[in-house]
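Reader: I should like to go through this model and ask on what grounds each of its descriptions rests. May we take the terms one at a time?

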Amino acid sequence: MSIFPPHLVSGYRNFTSQRLPTEQYRYRELSERGQSPAVMVIGCCDSRVSPEVIFDAGPGELFVVRNVANLVPVYQPDGGAHGVSAALEYAVSVLHVRHIVVLGHAQCGGIRAFIDNKEPLSPGDFIGRWMSMFIKPGEKVGQRDHETLQDFIVRIEKAAIFRSLENLMTFPFVRERVERGEINLHGAYFGVAEGSLFVLDAAAKEFRSVMELAGE
Ligand SMILES: [Zn+2]
């Protein structure tokens, strides 16, 4: 039996001595009443992009699903097991979230793998197959235009957010609630180095610094 990582044990001790006392009431209340987060976040697995940290969220505030490159698949009721779709179904139908945020980020390893298109990491080529849902048949989203590699990468990282938002609308239970104004869809992009956050202006199809929105 391997030893549980000591730094996780000490981290948990810090949690019980510092954060838990201030949150204990809330944890108890959530335990009795159940969760009712207003926001679902679909983010990347990347260890640098933790939604709870970025949005300074406490227990019960965010319903989070994370996967490689923050992708939402197309609605596919084919009898298969679909993790993101299951989380989405629960968030929408049971928790009645009001907002779904797709949170992308800079230096995304999943996007980089998609761009580099190297040999599969294992015989299953799980990343390759996962990332392939990002492209529509015949689409040329992965091709570099007249742009620097850095600009290209950022463009594709943002394209993944657009694609996920588009795919969210293929789920009938999401689409109907969006159309009734019961759910709002949002895109956001986190700049790891600066800790910067950009949110999607859907009408302009552009990401704007959240600092520009301050005071609105
Ligand atoms: Zn990522």
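Author: The exchange below concerns a predicted model and treats its metal site and its nonpolar cores.

Reader: What makes Cys44, His105 and Cys108 donors of the zinc ion?

Author: The atoms concerned are SG of Cys44, NE2 of His105 and SG of Cys108, at 2.0 to 2.3 Å from the zinc ion. A donor must be an N, O or S atom within 2.8 Å of the metal, so these atoms qualify. Water is not among the atoms, so the site may look incomplete.

Reader: How are the donor residues spaced in sequence?

Author: The spacing is C-x60-H-x2-C. Cys44 and Cys108 are 64 residues apart and link distant parts of the chain: Cys44 belongs to strand E1 (residues 39-44), while Cys108 is in the loop between strand E3 (99-105) and helix H4 (109-116).

Reader: Why is Cys44 called buried?

Author: Its relative accessible area is 5%, and buried means under 20%; the term therefore applies to Cys44. Cys108, at 2%, is buried on that criterion too.

Reader: Which residues have the most contacts inside the largest nonpolar core?

Author: Among them are Met40, Ile42, Leu88 and Val92, in a core of 24 residues. Elements that give two or more residues to this core include E1, strand E2 (62-67) and helix H3 (83-93); H3 gives the most, with four residues.

Reader: What does Val92 touch, leaving aside residues up to four places away in sequence?

Author: Val92 touches Ile100, Phe173, Val174, Arg177 and Ile183. Apart from the largest core lies another, of 14 residues, including Ala69, Ile111, Phe114 and Phe134.

Terms used. Residues are numbered from 1 along each chain as its sequence is written. This is a predicted model: local features need pLDDT of at least 70, side-chain atom pairs count only at pLDDT 80 or more; totals for chains, interfaces and linings use all residues. Side-chain values use heavy atoms; hydrogens and water are left out. Donors are N, O and S atoms within 2.8 Å of the metal (3.2 Å for Na, K and Ca); water is not among the atoms, so sites may look incomplete. Buried means under 20% relative accessible area, exposed over 50%, partly exposed in between (1.4 Å probe, protein chains only). A nonpolar core is a set of buried Ala, Val, Leu, Ile, Met, Phe, Trp, Tyr and Cys residues joined through side-chain atoms within 4.5 Å. Contact means heavy atoms within 4.5 Å.
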